[in-house]
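Biologist: Could you walk me through this one before I go back to the bench? I'd like to start with the inside and then move outwards.
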Amino acid sequence: MVKGKSNNVNAADALHQGVYKALRTLVHITAAVQFSYAVYYDYTYVKFPETEANRNSGFGGKFKYLTFLDAIIQSLYYIISLINDFVGTNEVAPKRIPTIRKVKDYLMSALAFPVALNVGITFWTLYAIDRELVFPRVLDAVFPSWLNHVVHTNIVVFIILELFTSFRAYPKRSQGITGLAAFMLSYLVWIHVVKHYSGVWVYPVLEVLQLPQRVVFFVAVLAFTLCLYLLGEFMNNIVWAKELKLAQRKIK
């Protein structure tokens, strides 16, 4: 009788693991396809209108927008995650961690999670206050609604799904925050380069801010993004508390 119950438990556990694995892979496939297509469609077909006031605004192309860069980050992350599903490992504490798994875990922690939430929350907050500050109505004719939701809404939905369906070990906080800070500071330098050569700020909201206000805005964005890193680490520690304890015991 005891042996029969044990077999039933093992069978149920195996079924649960199989369903969980299938769900994780489905999330990765769906995300990789939609974000990769979004990058392709945006780069190939979306052409922003030029006016006399912004005749040089083409400098930097799509690569001056954090939304576009984030879509690339998400595409790379989910493609790497998909590769890891098949040739790497999603075990909690494998004897040897493959390089693809290390890259996946770091990319999620340092960039994919905080930048996705930054883009989604910042965009929709400014949109709710005054959409002309971030996504003027004139863009509705060239930027499809479905694409807007893929790059500003789905990025948040899928990164939250990822948090709950895939185990990862966060890097040392100093390493993760260093990577994120380097990316964000590089982007701030980049948009100033774009402003210098084009004469136009990447985002309309920056046009209405005076220098002191812009400084406060940039500092607030950086601080907010770093807080999102800590939020991701905190949520990961809660969602995967049991698995993290198991991994730590195996390491010891």
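Biologist: Which residues touch the most other members of the largest nonpolar core?
Modeller: This is a predicted model, and in it the largest nonpolar core has 60 residues, of which Y78, L111, F113, I159, Y203 and L206 touch the most other members. At least two core residues come from each of α1 (2–45), α2 (66–87), α3 (99–130), α4 (145–165), α5 (173–198), α6 (204–207) and α7 (211–239).
Biologist: And which helix gives the largest share?
Modeller: That is α3, which contributes 12 residues to the core.
Biologist: What is Y203 in contact with, leaving aside neighbours within four places in sequence?
Modeller: With those neighbours set aside, Y203 contacts K64, Y65, L66, T67, L133 and Y187.
Biologist: Switching to L163, where is it, and why does it count as buried?
Modeller: L163 lies in helix α4, and it counts as buried because its relative accessibility is 0%, where the cut-off for buried is under 20%.
Biologist: What does L163 contact beyond four places in sequence?
Modeller: Its contacts there are M108, F113, R168, G232, M235, N236, V239 and W240; in addition, the C-alpha atom of L163 is 9.8 Å from that of S109, although the two residues are 54 apart along the chain.
Biologist: Okay, whole chain now: how many helices and strands?
Modeller: The chain has 8 helices and 0 strands, and 44% of its 252 residues are buried. Of the contacts between residues at least 6 apart in sequence, 80% join residues at least 24 apart.
Biologist: What about the exposed area, and how much of it do carbon and sulfur atoms supply?
Modeller: The chain exposes about 13,900 Å², with carbon and sulfur atoms supplying 68% of that area.

Technical notes
Residues are numbered from 1 along each chain as its sequence is written. This is a predicted model: local features need pLDDT of at least 70, side-chain atom pairs count only at pLDDT 80 or more; totals for chains, interfaces and linings use all residues. Side-chain values use heavy atoms; hydrogens and water are left out. A nonpolar core is a set of buried Ala, Val, Leu, Ile, Met, Phe, Trp, Tyr and Cys residues joined through side-chain atoms within 4.5 Å. Buried means under 20% relative accessible area, exposed over 50%, partly exposed in between (1.4 Å probe, protein chains only). Helices (H or I, at least four residues) and strands (E, at least two) are DSSP runs, numbered from the N terminus. Contact means heavy atoms within 4.5 Å. Accessible areas come from the Shrake-Rupley method with a 1.4 Å probe; for residues, only the protein chains shown count as cover.
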